[in-house]
Amino acid sequence: MNSKLKIPISLLNAVVLETEEEAQEFYKSFIESLRDKSYPPNIQLERHHVVPLHAAGPDVPENIIRISPEDHVAPHFYRFQAYKEIGDKVAYEMRINDSN
């Protein structure tokens with residue numbers, strides 16, 4: 001696996017977060033924006049665990065949001081920036097490689 005984190009072009013203009021606390025707050029607000037997002041009925045949605053299973057997040061409706069495959073890359077990127085957990089980096093890299 002490549003040790004460099006590939007950032008999709010859509011994230012290059014993202015806000016620079018100086019501290020882990022800022023990154024964690026950004027992740028939480030980003031998740032809330034996705035939770036409120038509506039999609040056309042023809043879009044196949046995927047399940048995203050807000051607190052991932054690898055981080056002992058529960059597999060319950062309150063911890064899951066449904067988002068498009070295109071929107072599913074960014075939460076893993078932002079969560080890795082916020083929590084520095086390798087599982088988030090792996091999930092991000094798998095998703096970014098799948099989208100290429």
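1. Let's start with helix α2. Its buried residues are Val 73, Ala 74, Pro 75, His 76, Phe 77, Tyr 78, Arg 79, Phe 80 and Ala 82. That makes nine of the 11 residues in α2, so the helix is mostly covered, since buried means under 20% relative accessible area. Please keep in mind as you read on that you are looking at a predicted model.

2. Now step back to the whole protein. Three helices and two strands make up its secondary structure, and along the sequence they come in the pattern α-β-β-α-α. The protein has 100 residues, and 35% of them count as buried. Its accessible surface is about 6600 Å², with 55% of that belonging to carbon and sulfur atoms.

3. How much of the contact in this protein links residues 24 or more positions apart? Among contacts with a separation of 6 or more, such pairs account for 60%. You can look for an example of such a separation in Leu 34 and Arg 66, which are 32 residues apart in sequence, while their C-alpha atoms are 8.3 Å apart in space.

4. Next, have a look at helix α1. It has 16 residues, and at 1.5 Å a residue they should span 22 Å; the C-alpha atoms at its ends are 22 Å apart, so the expected and modelled values agree. The buried residues of α1 are Ala 23, Tyr 27, Phe 30, Ile 31 and Leu 34. If you look down the helix axis, these buried residues fall within an arc of 100 degrees, so they line one face of α1. The cover over them includes β1, β2 and α2.

5. Leu 34 deserves a closer look. This residue lies in α1, which runs over residues 20–35. Is Leu 34 buried or exposed? Leu 34 counts as buried because its relative accessibility is 6%. Leaving out residues up to four places away in sequence, Leu 34 touches Tyr 39, Ile 65, Ile 67, Asp 71 and Pro 75. Try selecting Leu 34 in the viewer and finding these partners one by one.

6. Leu 34 turns up again in the largest nonpolar core. This core has 16 residues, and those touching the most other members are Tyr 27, Leu 34, Ile 65 and Tyr 78. Which elements give two or more residues to this core? They are α1, β2 (64–67), α2 (73–83) and α3 (86–99).

7. Strand β1 covers residues 46–49, and His 49 is in it. His 49 has a relative accessibility of 14%, so this residue counts as buried. Its side chain is joined to that of Asp 59 by a polar contact of 2.8 Å. Not counting residues up to four places away in sequence, His 49 touches Tyr 27, Pro 58, Asp 59, Asn 63 and Ile 64. Asp 59 therefore appears in the list of touching residues as well as in the polar contact, and Tyr 27 is one of the buried residues of α1.

8. For a contrast with those buried residues, turn to Asp 98 in helix α3. Asp 98 counts as exposed because its relative accessibility is 65%. Along the chain, Asp 98 and Val 73 are 25 residues apart, and their C-alpha atoms are separated by 9.7 Å. Val 73 itself is one of the buried residues of α2.

9. Finally, two backbone angles are worth checking. Most residues other than glycine have a negative phi, which is why positive values attract attention. Ala 56 has a positive phi, near 65 degrees. Ala 56 sits in the loop between β1 and β2, and at 70% relative accessibility this residue counts as exposed.

10. Lys 84 is the other residue to inspect. Although Lys 84 is not a glycine, its phi is positive, about 55 degrees. Where is Lys 84? Lys 84 lies in the loop between α2 and α3, following α2. Its relative accessibility is 46%, so Lys 84 counts as partly exposed.

Notes
Residues numbered from 1 in each chain as written. Predicted model: local features only at pLDDT ≥ 70, side-chain atom pairs only at ≥ 80, totals over all residues. Heavy atoms only, no water. Helix = DSSP H or I, 4+ residues; strand = E, 2+ residues; numbered from the N terminus. Buried < 20%, exposed > 50% of the residue type's maximum accessible area, 1.4 Å probe, protein only. Contact = heavy atoms within 4.5 Å. Areas by Shrake-Rupley, 256 points an atom, 1.4 Å probe, with all protein chains shown as cover. Core = buried A, V, L, I, M, F, W, Y, C linked by side-chain atoms within 4.5 Å. Polar contact = N/O pair within 3.5 Å; in protein donor to acceptor, adjacent residues only side chain to side chain. Expected span 1.5 Å × (residues − 1). Arc of directions from axis to C-beta.
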